[in-house]
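Colleague: I'm new to this one. Can you walk me through it?
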Amino acid sequence: MKDVFAAIAERSSTRSYTGEGLTKEELYCLLRAGLQAPTATNRQEIHISVLERSNPLLAEIEAEKNGGSCPPVNFYYDAPVVLILSGETAYHWTPVDAGIAVENIALAAEGLGLGSVIIGCIRQAMEGPRQAEFAQALRFPEGYSYQIAIAVGHKAAGKEPHAFELDRQVSLL
Ligand SMILES: Cc1cc2nc3c(=O)[nH]c(=O)nc-3n(C[C@H](O)[C@H](O)[C@H](O)COP(=O)(O)O)c2cc1C
């Protein structure tokens with residue numbers, strides 16, 4: 001298992017997965033990482049729906065997103081597991097809390113030697129005409145809505161971590 005600095009430095013989005021699934025222990029680790037993320041006022045308003053690749057809901061969401069800005073294949077790149085994070089719609093900090101939770105999951109995946117990709121491109125589909133239907137099928141709690149998703153699995157192909165520009169992105173005062 002990687003330490004936290006190695007996981008942060010080595011994580012990058014995985015867009016190609018082997019057919020191998022996750023063990024129960026791996027899945028539990030990812031869920032715990034998501035739920036152990038901090039939330040504003042410790043509200044814990046983030047819910048995680050777990051879908052395996054075989055779940056027909058994935059194809060329904062894929063069809064609903066209408067081509068859009070998503071990549072070829074499908075929005076989850078045939079990863080064996082997709083986690084859909086929903087949160088309390090009316091709470092001011094929900095989007096931030098969901099972002100923190102999803103990154104915790106991404107880092108936990110990297111720590112376990114797994115790959116992941118955060119998925120924002122289904123937002124329109126999740127907020128479109130089938131919103132209520134999807135929310136019910138995905139068992140979002142009452143008053144919750146889609147925030148973000150993440151696909152996780154074993155990496156079939158790696159990618160270098162992205163570069164950044166310290167000078168442009170940081171001001172040392
Ligand atoms: C909020 C958010 C939404 C994203 N949505 C998608 C997506 O829908 N599909 C995708 O392939 N990657 C998505 N990504 C991954 C980004 O494209 C990726 O993080 C970025 O290009 C940097 O690459 P890296 O993750 O390899 O460092 C998303 C990332 C974030 C943070």
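Colleague: What does Gly113 do just after H4?
Modeller: Gly113 takes a positive phi of about 85° there. Helices here are DSSP runs of H or I, at least four residues, and strands are E runs of at least two, numbered from the N terminus. Bear in mind that this is a predicted model: local features need pLDDT of at least 70, side-chain atom pairs count only at pLDDT 80 or more, and totals for chains, interfaces and linings use all residues. Residues are numbered from 1 along each chain as its sequence is written.

Colleague: Which residues of H4 are buried?
Modeller: Among them are Thr94, Asp97, Ala98, Ala101, Val102 and Ile105. Buried means 20 or more other C-beta atoms within 10 Å of a residue's own, exposed means 12 or fewer, and partly exposed is in between, with C-beta atoms placed from the backbone.

Colleague: And what covers them?
Modeller: The cover includes H1, helix H2 (24-35) and strands E1 (46-52), E2 (81-88), E3 and E4 (144-153). Contact here means C-beta atoms, placed from the backbone, within 7 Å.

Colleague: New topic: is Ala9 buried or exposed, and why?
Modeller: Ala9 is exposed, because it has 12 other C-beta atoms within 10 Å. Ala9 sits in helix H1 (residues 4-10).

Colleague: OK, the ligand. How many residues surround it, and which are the closest?
Modeller: There are 13, and the closest are Ser12, Ser13, Gly120, Cys121 and His162. A residue counts as near if its C-beta atom, placed from the backbone, lies within 6 Å.

Colleague: Which strand gives the most to that shell?
Modeller: Strand E3 (residues 115-119), with 3 residues.

Notes
Two residues are in contact if their C-beta atoms, placed from the backbone, lie within 7 Å.
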